[in-house]
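Trainee: I am new to this structure. Could you pick a single part and take me through it closely, along with whatever packs against it?

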Amino acid sequence: MNLSKKLTLEEERLREEFVTLEERIRMKIRRICATNLKLPYERLSAGRHLKELCLLAIASIDNGDEITLAACMRELREKGINI
């Protein structure tokens, strides 16, 4: 992945944390779908929304968009995820 700017140490750490979180969410969604667990659509949809927020946060770090990053972090914290 090409980065448009040189990231600071804090941005690199935050990016790694978002990548790890996105992978954990993606694997959990995959496991739920593969085992045919019967979950309400709302819960599965909420998981996919969290994954999309993580991807958006990663993209905003790469692009240097601090406003979008702050919005993503605020929404993730409201959902109960500590970052």
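Mentor: What follows is a close look at the last helix, after a short overview.

Start with the ground rules. This is a predicted model, in which local features need pLDDT of at least 70 and side-chain atom pairs count only at pLDDT 80 or more, while totals for chains, interfaces and linings use all residues. Residues are numbered from 1 along each chain as its sequence is written, and side-chain values use heavy atoms, with hydrogens and water left out.

Now the overview. The protein has three helices and zero strands. Helices (H or I, at least four residues) and strands (E, at least two) are DSSP runs, numbered from the N terminus. The order of elements from the N terminus is α-α-α. Along the principal axes, the C-alpha atoms fill a box of roughly 45 × 25 × 15 Å. Of the 83 residues, 30% are buried. Buried means under 20% relative accessible area, exposed over 50%, and partly exposed in between (1.4 Å probe, protein chains only). Look at the contacts between residues at least 6 apart in sequence: 60% of them join residues at least 24 apart. Contact here means heavy atoms within 4.5 Å.

Next comes our part, helix H3. H3 covers residues 66-78, which is 13 residues. From first C-alpha to last, H3 reaches 18 Å, close to the 18 Å expected at 1.5 Å a residue. The expected span is 1.5 Å times one less than the number of residues.

Which residues of H3 are buried? They are Leu69, Cys72, Met73 and Leu76. Seen down the axis of H3, these buried residues fall within an arc of 95 degrees, so they line one face of the helix. The arc is that of the directions from the helix axis to the C-beta atoms. There is a general rule behind such a pattern. An α-helix has 3.6 residues a turn, so residues three or four places apart point the same way. On the face of H3 turned away from the buried side sit the exposed residues Ile67 and Glu78.

What covers the buried residues of H3? The cover includes helix H1 (9-34) and helix H2 (41-63).

Take H2 against H3. Their axes come within 8 Å and cross at roughly 150 degrees. Axes are lines fitted to C-alpha atoms, for helices over the stretch in contact, and angles run from 0 to 180 degrees between N-to-C directions. H2 and H3 are therefore roughly antiparallel. Angles under 35 degrees count as roughly parallel, over 145 as roughly antiparallel, 65 to 115 as roughly perpendicular and the rest as oblique. The crossing of H2 and H3 is left-handed. A crossing is left-handed if the near helix is turned anticlockwise from the far one by less than a right angle, and right-handed if clockwise. On the H3 side, the meeting residues are Thr68, Leu69, Cys72, Glu75 and Leu76. From H2 come His49, Leu50, Leu53, Cys54, Leu56, Ala57, Ser60 and Ile61.

Stop at Glu75, in H3. Glutamate 75 is partly exposed, at 27% relative accessible area. Leaving out residues up to four places away in sequence, glutamate 75 touches His49 and Leu53. Glutamate 75 and leucine 53 are 22 residues apart in sequence, yet 8.2 Å apart in space, C-alpha to C-alpha.

Now turn to H2 itself. H2 has 23 residues and reaches 33 Å from its first C-alpha to its last. Its buried residues include Leu50, Leu53, Cys54 and Ala57. H1 and H3 are both among what covers the buried residues of H2.

The H1 side of H2 comes next. The axes of H1 and H2 come within 9 Å and cross at roughly 155 degrees. H1 and H2 are therefore roughly antiparallel too. Their crossing is left-handed. Residues in this contact include Phe18, Glu22 and Ile25 of H1, and Lys51, Cys54 and Leu55 of H2. Glutamate 22 is worth a look. At 10% relative accessibility, glutamate 22 counts as buried. Beyond its neighbours within four places in sequence, glutamate 22 is in contact with Lys51, Cys54 and Leu55.

Finish at the helix ends. Just after H2, glycine 64 takes a positive phi of about 75 degrees. H3 is followed by glycine 80, and its phi is positive, near 100 degrees. Lysine 79 lies 9.5 Å from alanine 46, C-alpha to C-alpha, with their places 33 residues apart in sequence. Alanine 46 lies in H2 and is partly exposed, at 40%.
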